[in-house]
Amino acid sequence: MLQIEGLSIHYGVIPAVKKLNIEVKQGEVVTLIGANGSGKTTTLRGISGITRAKEGKILFQGKDITKMEAHQIVAMGISQVPEGRGVFPDLKVIENLYMGAYLRRDKKQIQRDVEEVFHLFPRLEERKEQVAGTLSGGEQQMLAMGRALMSKPKLLLLDEPSMGLAPIIVKEIFKIVKRINEEGTTVLLVEQNANMALSVAHRGYVLETGEIVEQGTVTELQNNDKIRKIYLGIH
């Protein structure tokens, strides 16, 4: 579904990502793990057209999207849940969800999809008339995910969904990630909490200073001594 070939992204003269090769097959959850500043978020921003590639290619379902604008990429079926959630704080919950569907014209189906989001996140339904800025961190994370799902993505890019959340909420969020995937959405997940990421993923890539240093199935990564030590805290 997604193929990244030799992707390099620079901020000014500083390389943030160097010659990455990543692939995501339809139906998978693939995770990028690594420390802060390893290039994970930059990779997602490159895919969604927010940050421009210096070199390399990004193919989505066989089409080259490397130079496309962000809104065109959303229209093709890629949606991103940004790091730090990025909800519209002054809009109500329900208005935030409608913003996720702004490229769509199928009003009846949009209504059904709102119901579907409420089914996934019952707490959002309880708070649908509440202004998003007054929600808790966990609720804002749910809203950001619900909003991204309203664009009917084929590929969902999730950036640090556990950041700043209590462990019990993190578990809930990851259960929902699993469910979204089981219902047919492919997921590319960036996550510092490697244990949680590997609990829902099929495969993973480990990034260090903008380069892939390890890759493999979840089992391979969980059994890799270096990864166990550095990222999973198992000695």
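The side chains of K25 and E23 meet in a salt bridge, with an N to O distance of 3.3 Å. Both partners are partly exposed: K25 has a relative accessible area of 43%, and E23 has 32%. The model is predicted. By the rule used here, the salt bridges number 15, and the protein chain that holds them has 10 helices and 10 strands.

**Salt bridges**

- K19 forms a salt bridge with E55, and the closest N and O atoms of this pair are 2.5 Å apart.
- K19 lies in strand β2 (residues 14–24) and E55 in strand β4 (residues 55–60), so the bridge ties together parts that are 36 residues apart in sequence.
- The two ends differ in exposure class: K19 is exposed, at a relative accessible area of 56%, while E55 is partly exposed, at 35%.
- E28 and R203 also meet through their side chains in a salt bridge, at 2.8 Å from N to O.
- The E28 and R203 pair links distant parts of the chain, 175 residues apart: E28 is in the loop between β2 and β3 (29–33), and R203 is in strand β9 (residues 203–208).
- E28 counts as buried, at 11% relative accessibility, and R203 is buried as well, with a relative accessible area of 15%.
- R104, D106, D113 and K152 are linked in a network of salt bridges.

**R85, a buried arginine**

- R85 is found in the loop between β6 (78–81) and α3 (93–100).
- The relative accessibility of R85 is 13%, so R85 counts as buried, the cut-off being under 20%.
- R85 has no salt bridge despite being buried, and the nearest side chain of opposite charge, E191, is 9.4 Å away.
- A salt bridge requires a side-chain nitrogen within 4 Å of a carboxyl oxygen.
- Leaving aside neighbours within four places in sequence, R85 is in contact with G137, Q140, Q141, A144, R147, M163 and L165.
- The backbone of R85 has a positive phi of about 75°, although R85 is not a glycine.

**T209, a second positive phi**

- T209 is a residue other than glycine with a positive phi, near 40°.
- T209 is placed in the loop between β9 and β10 (211–217).
- T209 is exposed, with a relative accessible area of 56%, whereas R85 counts as buried.

**L156, a buried strand residue**

- L156 lies in strand β7, which covers residues 155–159.
- At 0% relative accessibility, L156 counts as buried.
- Apart from neighbours within four places in sequence, the contacts of L156 are S79, V81, A148, L149, I180, T185, T186, V187 and L188.
- F118 is 38 residues from L156 in sequence, and their C-alpha atoms are 18 Å apart in space.

**The chain as a whole**

- A compact globule of 235 residues would have a radius of gyration near 18 Å, and the 17 Å of the protein chain agrees with this.
- The C-alpha trace spans about 45 × 40 × 30 Å along its principal axes.
- Of the 235 residues, 50% count as buried.
- Among contacts between residues at least 6 apart in sequence, 66% join residues at least 24 apart.
- The accessible surface of the protein chain is about 11200 Å², and 52% of that area belongs to carbon and sulfur atoms.
- The chain carries 31 positive and 28 negative side chains, and the centres of these two sets lie 2 Å apart.

Conventions:
Residues are numbered from 1 along each chain as its sequence is written. This is a predicted model: local features need pLDDT of at least 70, side-chain atom pairs count only at pLDDT 80 or more; totals for chains, interfaces and linings use all residues. Side-chain values use heavy atoms; hydrogens and water are left out. Helices (H or I, at least four residues) and strands (E, at least two) are DSSP runs, numbered from the N terminus. Buried means under 20% relative accessible area, exposed over 50%, partly exposed in between (1.4 Å probe, protein chains only). Lys and Arg count as positive and Asp and Glu as negative; His and the chain ends are not counted. Contact means heavy atoms within 4.5 Å. The radius of gyration is taken over C-alpha atoms; the globule rule is 2.2 Å times the number of residues to the power 0.38. Accessible areas come from the Shrake-Rupley method with a 1.4 Å probe; for residues, only the protein chains shown count as cover. The place of a charge is taken as NZ of Lys, CZ of Arg, CG of Asp or CD of Glu.
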